[in-house]
2 protein chains.
Amino acid sequence: MKHPDTKEKILNAALDFFSRHGYSGASIRQISRAVGIRESAIYNHYKSKEEIFLAILSSFKLKTISKEILSDDLLDEVINPDKFLKTFARRLIEHWNKPGERKFIRVLLMEQFTHISNKELSTTDYLSELREICRLIFSEMVKTKIIKPLDPGLLSEEFTAPLFLIRTEYLSSDDFVDINTVYERANKHVEFFWKAIRIK
Amino acid sequence: MKHPDTKEKILNAALDFFSRHGYSGASIRQISRAVGIRESAIYNHYKSKEEIFLAILSSFKLKTISKEILSDDLLDEVINPDKFLKTFARRLIEHWNKPGERKFIRVLLMEQFTHISNKELSTTDYLSELREICRLIFSEMVKTKIIKPLDPGLLSEEFTAPLFLIRTEYLSSDDFVDINTVYERANKHVEFFWKAIRIK
DNA sequence: GTCTATAGTTGGATAGAC
DNA sequence: GTCTATCCAACTATAGAC
């Protein structure tokens, strides 16, 4: 398809408005105008505002970060754990900085307490795959005695938590100017973390 | 005044609804019902919904965590940094777990992107005082050579970031059942952090 | 200060023509 | 699939009696 069809246009516009005004703050009227159709035409694609929201949720649920971040060439670098962790963190920041992902994280933070149609929407769920990947990585590093024999689950949280907070703190500004600030803060964190876990 | 506490009742009810449904999701109607008066009576105390929101913001802006968490008896314990950090973290969790604080953090996370009446509402602002306190503490620890000569600003973030993420992750559940889980996770973090910065 | 009554607006959603 | 037209529920806010 040359252009995204109307159904996907609606999804994109809805995500944009939800991410800026929240679910109840965004209206079908605004969304339809952004798409370029009338409100009533929306209902040919989704039966309700709620259904649009749920469609957004499942579209992000299907995504998996593994392949994107943990490419084969990166895995080859595990022998050089310092550099590996830095590259991994950088890719994570890049991933979280993609426009769609930024918007989704904003929606996640905004709607995690509102329980729209009894749907669970939690940062725990959002981070679970990443944490699992990190657990495996650190578990492997402990086994091969590259790092101290610490609990991989704990290491996973210590590694990811500051990165995620850094990411969410820079989520307000709409421009991408300060992405380098994010990288710098992330890098300093990784350095601190690496020195804490390495075997001298 | 015949009913001197109505104004504060409104503030409390509003905070409660804002924290569960967001600013636009909460209505004056619901708030007034919770207070036990009609919608129109609200406007004898606040001229608009927005004014109620701003009143909540300034009521939390006035609060200062220093005195509450950094009591004199705790400061005396700096000689025993391991225990000091654990107590400090525990008090922080306790502070963040107070019903009003929990609600405010929820509102903060929900409304940080919506820019209600152009008001800045950011986690950076919310955490700034705490971070400043931590910087001072770690700066002192570096000076007295209790810990490694690391950047106090970095240490402040490494110490607080996982604690704050832990706090926000357990903010969804309304009950207080799993507060001990929060304490456990916080404790493990402090142990990891302490081992990373201490001079052996 | 609180009430009833109501203005005025915006929201989600449907019916039926094309 | 999109349009016009419309419904009606819910919202913020005001006016005026008590």
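**The contact between chains A and B and selected features of each chain**

In this predicted model, the contact between the two chains takes 36 residues from chain A and 36 residues from chain B. Of the interface residues of chain A, 100% are also interface residues in chain B, so the copies meet through the same surface. The area buried between chain A and chain B is about 3,100 Å², and carbon and sulfur atoms give 59% of this area.

The arrangement of the two copies was examined by superposition. Two copies of a chain are related by a rotation about an axis and a shift along it. Here, a turn of 180° together with a shift of 0.0 Å along the axis lays chain A on chain B with an RMSD of 0.1 Å. The two copies are thus related as by a two-fold rotation axis. Among the residues of chain A, the one that comes closest to the rotation axis is M110(A), whose C-alpha atom lies at 2.0 Å.

Polar and charged pairs were then sought across the interface. Between chain A and chain B the count is four salt bridges, and eight residue pairs are found in polar contact across the interface, with both residues of each pair at pLDDT 80 or more. The side of chain A that touches chain B draws at least two residues from each of the helices α1 (6-21), α8 (99-111), α9 (123-143), α10 (152-169) and α11 (179-197) of chain A. Of the elements of chain A, α10(A) gives the most to this side, with nine residues. One salt bridge joins R185(A) to E157(B), and the closest N and O atoms of this pair are 2.5 Å apart.

A residue of chain B that touches chain A is T114(B), which is found in the loop between α8 and α9 (123-143) of chain B. With a relative accessible area of 17%, T114(B) is buried, since the cut-off for a buried residue is under 20%. When residues up to four places away in sequence are not counted, T114(B) touches R20(A), H21(A), G22(A) and M110(A); M110(A) is also the residue of chain A that comes closest to the rotation axis. Within chain B, the side chain of T114(B) is joined to that of E111(B) by a polar contact of 2.8 Å.

Over all chains, a search of the whole structure finds 26 salt bridges, including pairs that lie within a single helix. In chain A, R90(A) forms a salt bridge with E94(A), with 3.5 Å between the closest N and O atoms. Because R90(A) and E94(A) are four residues apart in helix α7 (residues 81-97) of chain A, they are separated by about one helical turn. Both partners are partly exposed, R90(A) having a relative accessible area of 40% and E94(A) a relative accessibility of 36%. A second pair of this kind is formed by E132(A) and R135(A), whose side chains meet in a salt bridge at 2.6 Å from N to O. These two residues, E132(A) and R135(A), both lie in helix α9 of chain A and are three residues apart, about one turn of the helix. E132(A) counts as partly exposed at 37% relative accessibility, and R135(A) likewise counts as partly exposed at 33%.

Another salt bridge links two helices of chain B, where the side chains of K86(B) and E191(B) meet at 3.1 Å from N to O. K86(B) lies in helix α7 (residues 81-97) of chain B and E191(B) in helix α11 (residues 179-197) of chain B, so the pair ties together parts that are 105 residues apart in sequence. K86(B) is partly exposed at 27% relative accessibility, and E191(B) is partly exposed with a relative accessible area of 34%. Elsewhere, R131(A), E157(A), E169(B) and R185(B) are joined into one network by salt bridges that share partners.

Helix α4 of chain B was considered for its length and its surroundings. The helix has 13 residues (residues 49-61), which at 1.5 Å a residue should span 18 Å, and its end C-alpha atoms are 19 Å apart, which agrees. The buried residues of α4(B) are K49(B), I52(B), F53(B), A55(B), I56(B), L57(B) and F60(B). These buried residues of α4(B) pack against four helices of chain B, namely α1 (6-21), α2 (28-35), α3 (39-42) and α8 (99-111).

Conventions. Residues are numbered from 1 along each chain as its sequence is written. Chains are lettered from A and ligands numbered from 1 in the order in which they are written. This is a predicted model: local features need pLDDT of at least 70, side-chain atom pairs count only at pLDDT 80 or more; totals for chains, interfaces and linings use all residues. Side-chain values use heavy atoms; hydrogens and water are left out. The expected span of a helix is 1.5 Å times one less than its number of residues. Buried means under 20% relative accessible area, exposed over 50%, partly exposed in between (1.4 Å probe, protein chains only). Contact means heavy atoms within 4.5 Å. Copies are superposed by least squares on the C-alpha atoms of residues with pLDDT of at least 70 in both. Buried area is the accessible area (1.4 Å probe) that two parts lose on being put together, summed over both. A polar contact is a pair of N or O atoms within 3.5 Å; within protein, one must be able to donate a hydrogen and the other to accept it, and residues adjacent in sequence count only if both atoms are side-chain atoms.
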